[in-house]
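Biologist: I am new to this structure and would like a close look at a single part of it. Please take one strand and explain how it sits among its surroundings.

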Amino acid sequence: MFLFPTVGFGQFCPENLKTYSYENFLIKMLCLRNVGYSKDGRTILRSINMTFREGMSYSILGPNGAGKSTIARILMGELTPTEGQVLLDGKEVTGLGVTERTRRGISMTWQEPARYEGIRVREYLTLGGKLKIGEDEIRDVLELIGLSYEFYAGRFIDKSLSGGERKRIELASLLLLRPRYAILDEPDSGLDITAGELIEKLLARFRKTGTTVILITHHEEIAEKTDFAYFVCAGRLVKKGFSREVVDYYRKTCGRCLFVEGSP
Ligand code: ADP
Ligand code: MG
């Protein structure tokens with residue numbers, strides 16, 4: 001995995017498979033290249049360069065309001081960046097919406113848990129029967145994310161479920177989908193103190209299925225669990241690297257945006 005220094009988080013974001021023939025076997029990745037996002041005259045993101053290589057796990061760490069969810073929505077195709085490009089396997093996907101990106105293997109759990117109502121957990125997990133999944137698989141993922149199969153599989157998704165339970169069900173659904181890229185926006189929020197343990201289990205399972213994880217969080221102890229991390233603050237990328245290094249830096253700076261004052 002670590003043969004090349006650029007494997008995890010290099011600047012390199014190739015566009016043309018023919019030109020970069022030596023990189024062909026490394027090219028499976030999702031990239032943001034010089035991405036900026038402004039709304040109503042306000043700059044929310046500027047010059048974001050990020051690389052997410054196949055099979056690795058990444059955190060996007062930063063305080064509230066840093067722009068993390070905006071990055072997630074741009075990766076997912078819910079927002080189009082006002083500057084820069086999104087590349088998937090070297091091809092531009094900047095203008096493609098959520099449906100197209102889902103088709104290409106990018107999936108996401110949102111910061112706010114799903115509001116699906118009136119269907120049973122089992123139906124939700126199998127996309128209404130579209131996913132050919134056996135009961136044993138449903139049991140397996142429900143238990144992995146800490147919900148008992150007997151109690152939850154047949155339950156209706158309605159107001160009787162807590163935010164944390166909905167969140168867990170969404171995570172189970174993503175495990176069953178086995179996307180190429182799983183974007184998890186604050187998966188630990190609304191969960192209890194076992195969140196760290198659950199995140200570890202999720203990462204291990206996604207690693208097994210070869211899914212690249214992009215985990216968004218403002219908790220450094222969660223960010224530490226991925227291979228690589230990006231520290232984002234006030235809409236900019238402050239630091240990237242191995243998660244340990246980035247988290248150390250984050251702790252030293254108390255998550256503050258030291259660079260913002262006086263920088264252009
Ligand atoms: P994070 O997920 O890191 O907490 P967000 O990406 O949600 O941050 O938000 C980044 C900044 O962009 C915040 O200051 C927020 O108020 C602003 N913002 C987010 N969504 C919108 C929107 N739809 N319209 C205007 N401003 C927004
Ligand atoms: Mg957010």
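Modeller: What follows is a walk around strand E8 and its neighbours. This is a predicted model, in which local features need pLDDT of at least 70 and side-chain atom pairs count only at pLDDT 80 or more, while totals for chains, interfaces and linings use all residues. Residues are numbered from 1 along each chain as its sequence is written, and chains are lettered from A and ligands numbered from 1 in the order in which they are written.

Strand E8 covers residues 212-217 (strands are DSSP runs of at least two residues, numbered from the N terminus). Because 6 of its 6 residues are buried, E8 is largely enclosed by the rest of the structure; buried here means that 20 or more other C-beta atoms, placed from the backbone, lie within 10 Å of the residue's own. In a regular strand the side chains alternate between the two faces of the sheet. In E8, Thr212, Ile214 and Ile216 lie on one side, with Val213, Leu215 and Thr217 on the other.

E8 pairs with strand E3 (residues 57-61), running parallel over 5 bridges, where pairing requires that DSSP finds at least two bridges between the strands. Within that pair, Leu61 has Thr217 as its bridge partner. Strand E7 (residues 181-185) also pairs with E8 in the parallel sense, over 5 bridges, and there Ile183 is the bridge partner of Ile214. Not counting residues up to four places away in sequence, Ile183 touches Ala72, Leu75, Met76, Met108 and Ile214, a contact being C-beta atoms, placed from the backbone, within 7 Å.

Methods: Contact = placed C-beta atoms within 7 Å. Buried ≥ 20, exposed ≤ 12 C-beta atoms within 10 Å, placed from the backbone. Helix = DSSP H or I, 4+ residues; strand = E, 2+ residues; numbered from the N terminus.
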